[in-house]
Amino acid sequence: MLTELPVFLCFLLISLFSYVMMMPFKRQALVEFENIDSAKECVTFAADEPVYIAGQQAFFNYSTSKRITRPGNTDDPSGGNKVLLLSIQNPLYPITVPTRLNVIRNDNDSWDYTKPYLGRRDRGKGRQRQAILGEHPSSFRHDGYGSHGPLLPLPSRYRMGSRDTPELVAYPLPQASSSYMHGGNPSGSVVMVSGLHQLKMNCSRVFNLFCLYGNIEKVKFMKTIPGTALVEMGDEYAVERAVTHLNNVKLFGKRLNVCVSKQHSVVPSQIFELEDGTSSYKDFAMSKNNRFTSAGQASKNIIQPPSCVLHYYNVPLCVTEETFTKLCNDHEVLTFIKYKVFDAKPSAKTLSGLLEWECKTDAVEALTALNHYQIRVPNGSNPYTLKLCFSTSSHL
């Protein structure tokens, strides 16, 4: 009696077979013998002497198939083909079949063998990005903030020369919507923004708004689709934060549509002049107004959704409520309804405080227009750059 022997050994003890096809999902296999008599011998033997494999009895019966179909050229036994059958069991993420597989970097998760330079810092097209703010925010509390995520090294171009500057940073990220995290959206470092006001929006204003959620590399308005721009950000996590907080936000009478772009980078092509006379393309990679270029800067940023209260800082001591009112009027945005300045230390050289608008939309428009405005001081050598961000306070 044969027990605990592999199937093919059982067949070899009976007669020779010519082909085997495994069907693991059905826990079955097809075995093609050289002739019908050999198949009969196998079925008869298994009926008289039960065969056990790994403690389970194996059953043998005749198949309705006359012959097992071979892959490739059937006339050439040594021939193969270029199609692989991949069986994926217990997938962790949704599996789709795109018309073309796009790999944006070569690492432990993906690899494009036709582009070995992907992920190398010395090739522009394959430039590797690492998230300064930490890992993917998949385990945060329901309120959006929880324990710090894993630590990631800062990209070398953002590392400071001081020995006291840490090269690792952990920072709480907002909770992304479930539809974005689990809806099978492609991961990338470029967002497409549509619904931009053609007269009031330009590259700098797009930067002013999106820089609150990550570093901005490039901004380009699309000539073929008016009111639409591509924004290349520092990493895919910055893109996720921007999509989470800015999609469906109303700005200058239009509602923004922010989504992940299929583009892997923004290419400066088809540059034209916008309605306000500025260029449709601008590179912000080396801008000092990027707020996540070091561990120290990143730790100071509080990721907040748009609100009606703005936090202002880095303004000279001479700035007053009237100064902000004039700025709003000059830039044609609605004026705030409440003003607050924080008590400054005697040695402080700048002021900070809060501004409250009537509604969230008014505050978003003011931030887009006024953020990074250069405030010049009489007899001062360098201007002060006004910094704005959404406050954690809902009202003053």
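The legends below describe close-up views of a predicted model.

**View 1. Tyr312 and Phe324 form a tilted ring pair between strand E14 and helix H7.** The structure holds six aromatic pairs, and the one shown here joins Tyr312 to Phe324, whose ring centres are 4.7 Å apart and whose planes meet at 50°, so the pair counts as tilted. Because Tyr312 belongs to strand E14 (residues 309–316) while Phe324 belongs to helix H7 (residues 321–330), the pair ties together parts that are 12 residues apart in sequence. Both residues, Tyr312 and Phe324, are buried.

**View 2. Phe324 also pairs with Tyr339, within a cluster of aromatic rings.** The ring centres of Phe324 and Tyr339 are 6.1 Å apart and their planes stand at 45°, so this pair is likewise classed as tilted. With Phe324 in helix H7 and Tyr339 in strand E15 (residues 338–341), the contact between the two rings ties together parts that are 15 residues apart in sequence. Phe324 has a relative accessible area of 1% and is therefore buried, whereas Tyr339, with a relative accessible area of 23%, is partly exposed. Ring pairs link Tyr312, Phe324, Phe336, Tyr339 and Trp357 into a cluster.

**View 3. Arg241 places its charged end over the ring of Phe292.** The distance from the charged end of Arg241 to the centre of the Phe292 ring is 5.9 Å.

**View 4. Leu317, in the loop between E14 and H7, is in contact with residues farther along the chain.** Leu317 has a relative accessible area of 47% and is therefore partly exposed. When its neighbours within four places in sequence are left aside, Leu317 is in contact with Ala348, Lys349, Thr350 and Leu351. For one of these residues, Ala348, the C-alpha atom is separated from that of Leu317 by 8.5 Å, although the two residues are 31 residues apart along the chain.

**View 5. Five strands build an open antiparallel sheet in the order E12-E7-E9-E8-E13.** Strand E12 (257–260) and strand E13 (281–283) are the edge strands, each of them pairing on one side only. On average, and with direction ignored, neighbouring strands of this sheet are turned by 15° against each other. Within the sheet, strand E8 (residues 216–221) and strand E9 (residues 228–233) run antiparallel and are joined by five bridges, and Val219 stands opposite Val231 in E9.

**View 6. Helices H4 and H5 lie across strands of the sheet.** Helix H4 (residues 203–210) lies across strand E7 (190–194) as well as E8, E9, E12 and E13, and its direction makes an angle of about 135° with E8. Helix H5 (residues 236–246) lies across E7, E9 and E12, and runs at about 155° to E12.

**View 7. Thr278 lies in the loop between E12 and E13.** With a relative accessible area of 31%, Thr278 is partly exposed. The side chain of Thr278 is joined to that of Asp276 by a polar contact of 2.7 Å. Leaving aside neighbours within four places in sequence, Thr278 is in contact with Asn202, Phe272 and Glu273. From C-alpha to C-alpha, Thr278 and Cys203 are 8.2 Å apart in space, while 75 residues apart in sequence.

Key
Residues numbered from 1 in each chain as written. Predicted model: local features only at pLDDT ≥ 70, side-chain atom pairs only at ≥ 80, totals over all residues. Heavy atoms only, no water. Phe/Tyr/Trp six-rings, centres within 6.5 Å; stacked < 30°, edge-to-face > 60°. Helix = DSSP H or I, 4+ residues; strand = E, 2+ residues; numbered from the N terminus. Buried < 20%, exposed > 50% of the residue type's maximum accessible area, 1.4 Å probe, protein only. Lys NZ or Arg CZ within 6 Å of the ring centre and 35° of its normal. Contact = heavy atoms within 4.5 Å. Pairing = 2+ DSSP bridges. Axes fitted to C-alpha atoms, helices over the stretch in contact; angles between N-to-C directions. Polar contact = N/O pair within 3.5 Å; in protein donor to acceptor, adjacent residues only side chain to side chain.
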